[in-house]
Amino acid sequence: MTSQQQPSHPSVSQQSSRQTIIAGNWKMFGTAESTRAFAEEMVRDPRLAHASGNGVGVVICPPTPLLHVLRPFCGTFFELGGQDCHQNVNGAFTGDVSAGMLVDAGCRYVIVGHSERRRYHHETDDVVAQKTRAALSAGLTPIVCVGETLEERQAEQTADVVLRQLDVVLQAVSPDQQFVLAYEPVWAIGTGLVATVEQAGEVHQILRKFYRQRVSNDITILYGGSVNATNAKELLAHSDIDGALVGGASLESRSFLAIVEATGV
């Protein structure tokens with residue numbers, strides 16, 4: 001892999017234009033053996049090189065103990081990301097990982113504010129904003145997740161919820177600090193339910209309009225929530241959906257590469 005020419009990547013402060021990104025969130029799955037096999041299959045497949053060569057950012061976010069397995073394979077055709085980072089640089093926080101540690105492990109991205117972190121670890125909007133700021137300060141590009149529950153959607157509160165979540169992050173960072181946004185309706189994560197293209201596109205438009213009003217440039221917005229090889233093409237065809245944050249379908253190279261291929265590059 002080291003003999004391949006490395007593609008140029010914009011720095012966090014320069015990433016002002018929209019980019020197509022397909023990011024895989026492995027959650028708490030994988031072993032060293034399965035991870036190595038996944039990476040070997042990925043780098044052998046011409047679809048990955050083609051997508052990367054045409055500007056598609058491919059990101060894999062495995063559990064932290066597996067980052068070292070993927071690191072020798074990353075950097076040419078795909079990048080590494082963490083699944084979370086602590087809001088502090090260091091300290092007595094047993095079990096946590098700092099943004100700087102992720103950088104040392106070879107990461108360029110980190111997911112923050114995933115609904116599972118908000119729900120199971122009781123992370124508030126303020127904590128997510130602090131993590132976003134910590135990631136940016138360390139040189140990582142945060143993938144900031146926002147999304148509503150089924151009850152909030154049924155109460156017609158979707159726009160209020162996602163704009164509140166985004167607004168708190170924007171108050172914590174400066175306008176020149178660019179991040180990636182991921183809209184993940186909570187009711188569609190790991191349930192097999194998928195927002196229709198119209199539902200997803202509408203929320204992406206709401207988020208993009210709000211961001212443009214607050215910041216002078218644009219933002220990359222991904223859709224997440226049971227994205228798979230079957231529905232990816234239709235979702236990614238929407239003009240306001242820039243890519244996908246993929247859960248279960250990212251665990252196998254075949255299904256994940258089919259989603260990468262669905263970008264149409």
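**Notebook: salt bridges in a predicted model**

Entry 1. I looked up Arg-118 and found that this residue forms a salt bridge with Asp-125, with the closest N and O atoms 2.8 Å apart. The model I am reading is predicted. I then asked whether Arg-118 and Asp-125 are buried or exposed. Both Arg-118 and Asp-125 are buried.

Entry 2. I next examined Asp-167, which forms a salt bridge with Arg-214; here the closest N and O atoms are 2.2 Å apart. Where do the two partners, Asp-167 and Arg-214, lie? I located Asp-167 in helix H8 (residues 158-172) and Arg-214 in helix H9 (residues 197-214), so this pair ties together parts that are 47 residues apart in sequence. I also noted the accessibility of Arg-214: it counts as partly exposed, because its relative accessibility is 38%, and the range for that class runs from 20% to 50%.

Entry 3. I asked which residues are joined into one network by salt bridges that share partners. The residues are Arg-18, Arg-208, Arg-212, Asp-218, Asp-240 and Asp-242.

Entry 4. I turned to Lys-27 and recorded that its side chain meets that of Glu-116 in a salt bridge, at 2.9 Å from N to O. Lys-27 lies in the loop between strand E1 (21-25) and helix H1 (32-44), whereas Glu-116 belongs to helix H5 (residues 115-120); the pair therefore ties together parts that are 89 residues apart in sequence. With a relative accessibility of 27%, Glu-116 counts as partly exposed.

Entry 5. Finally, I asked how many salt bridges a search of the whole structure finds. The search finds 17 salt bridges. As a general remark, I noted that side chains of opposite charge can pair when their charged atoms come close.

Technical notes: Residues are numbered from 1 along each chain as its sequence is written. This is a predicted model: local features need pLDDT of at least 70, side-chain atom pairs count only at pLDDT 80 or more; totals for chains, interfaces and linings use all residues. Side-chain values use heavy atoms; hydrogens and water are left out. A salt bridge is a side-chain nitrogen of Lys or Arg within 4 Å of a carboxyl oxygen of Asp or Glu. Helices (H or I, at least four residues) and strands (E, at least two) are DSSP runs, numbered from the N terminus. Buried means under 20% relative accessible area, exposed over 50%, partly exposed in between (1.4 Å probe, protein chains only).
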